[in-house]
Amino acid sequence: MSYIELGGLILATGLVAAFICALLHRIVHHDTFRRYHEVGYAAFLHLGVIFAVLLAFIFDNVWSNYNVPSQAIDSECGSLHGLAILSDRLPSPARDAILNDLHAYLTIVIDQEWADMQRRKVETVNTDPADNQVRGQMLNLLAAAHQSRETRLYQMTQGVPGLVWGLLIIFASTLIGCMLVFAAEASTSKAVLVGVFTSSLTLALLTVRVLDFPFESALQLSPRDFNGTLEKVDRLIAAAQPQGWRATE
């Protein structure tokens with residue numbers, strides 16, 4: 001979901017709510033609103049507090065979960081870059097094998113795995129580049145990169161449970177309904193207020209939605225760090241090639 005789609009949805013819900021409010025004022029007598037005003041006001045206050053607490057708790061949770069894969073990406077790329085730097089110190093056969101495997105792995109992540117994560121479906125790929133030739137610190141970096149990748153893939157499918165989403169939607173709908181029964185002399189002002197309130201609730205819920213899955217929607221994480229790491233690996237590969245071979249390319 002892009003920013004344009006988000007904005008359109010927020011505007012549409014506000015306009016629909018304002019239209020319903022204006023329509024009710026045309027077909028329902030003003031005295032009816034006065035009879036239900038006190039009940040609606042009391043329900044609005046109590047439900048509003050519960051909704052605010054629930055929304056704050058969920059928002060804090062999805063924001064934390066959004067940052068987890070972002071940090072995992074940074075850690076994974078840092079480990080892979082460190083592995084590439086250390087491998088550049090090895091003799092030619094081992095160095096070339098590790099750097100080429102790193103290049104292949106980063107290419108798969110950028111070209112294939114990232115699109116699969118947006119569909120929440122990732123197939124297993126080789127994350128152990130030339131593990132039979134690395135040792136010491138390189139093995140530690142390789143293990144750290146693998147752990148970061150597992151964290152990134154795990155967060156791909158972790159979202160707010162459907163029951164919680166149902167509660168949020170029910171509370172939001174009830175709050176809007178309470179506003180519709182408020183008594184107001186100026187129907188236009190009330191319609192505008194209801195529209196703005198509905199758009200605000202929609203914005204809050206959509207913000208939770210776009211943060212819920214960090215590899216989708218307008219706030220999706222990008223493979224920028226992997227692209228940067230791939231460029232660094234490619235420079236090491238190019239620097240490791242014989243001078244005569246590079247001149248003939």
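## Helix H5 and its length

Let's start with helix H5, which covers residues 162-180. With 19 residues at 1.5 Å a residue, H5 should span 27 Å, and its end C-alpha atoms are indeed 27 Å apart, so the two values agree. Keep in mind that this is a predicted model.

Which residues of H5 are buried? They are Trp-165, Leu-168, Phe-171, Ala-172, Leu-175, Ile-176, Cys-178, Met-179 and Leu-180. Their cover includes helix H1 (3-27), helix H2 (30-87) and helix H6 (187-212).

## How H2 meets H5

Two packed helices are described by the angle between their axes and the distance between the axes. For H2 and H5, the axes come within 8 Å and cross at roughly 150 degrees. Angles over 145 degrees count as roughly antiparallel, so that is how H2 and H5 run relative to each other. Their crossing is left-handed.

On the H2 side, the contact is made by Phe-33, Gly-40, Ala-43, Phe-44, Leu-47, Gly-48, Ile-50, Phe-51, Leu-54, Leu-55 and Ile-58. H5 brings Val-164, Leu-167, Leu-168, Phe-171, Ala-172, Thr-174, Leu-175, Cys-178, Met-179 and Leu-180. What kinds of residues make up this contact of H2 with H5? There are 18 nonpolar residues, three polar and no charged ones. Some names turn up twice here: Leu-168, Phe-171 and Leu-175, for instance, are buried and also take part in the contact with H2.

## How H2 meets H3

H2 also packs against helix H3 (residues 92-118), with axes that come within 9 Å and cross at roughly 155 degrees. H2 and H3 are therefore roughly antiparallel to each other, and their crossing is left-handed.

From H2, the residues involved are Ile-73, Glu-76, Leu-80, Leu-83, Ala-84 and Ser-87. They meet Arg-95, Ile-98, Leu-99, Leu-102, Tyr-105, Leu-106 and Trp-114 of H3. Sorted by type, the contact of H2 with H3 has ten nonpolar residues, one polar and two charged.

## A glutamine in H4

Now for a single residue: Gln-155, which lies in helix H4 (residues 137-156). Is Gln-155 buried or exposed? Its relative accessibility is 8%, and buried means under 20%, so Gln-155 counts as buried.

What does Gln-155 touch? Leaving aside residues up to four places away in sequence, Gln-155 touches Asn-65, Val-68, Pro-69 and Pro-214.

Notes. Residues numbered from 1 in each chain as written. Predicted model: local features only at pLDDT ≥ 70, side-chain atom pairs only at ≥ 80, totals over all residues. Heavy atoms only, no water. Helix = DSSP H or I, 4+ residues; strand = E, 2+ residues; numbered from the N terminus. Expected span 1.5 Å × (residues − 1). Buried < 20%, exposed > 50% of the residue type's maximum accessible area, 1.4 Å probe, protein only. Contact = heavy atoms within 4.5 Å. Axes fitted to C-alpha atoms, helices over the stretch in contact; angles between N-to-C directions. Parallel < 35°, antiparallel > 145°, perpendicular 65-115°, else oblique. Left-handed = near helix turned anticlockwise from the far one by under 90°. Nonpolar A, V, L, I, M, F, W, Y, C, P; charged D, E, K, R; others polar.
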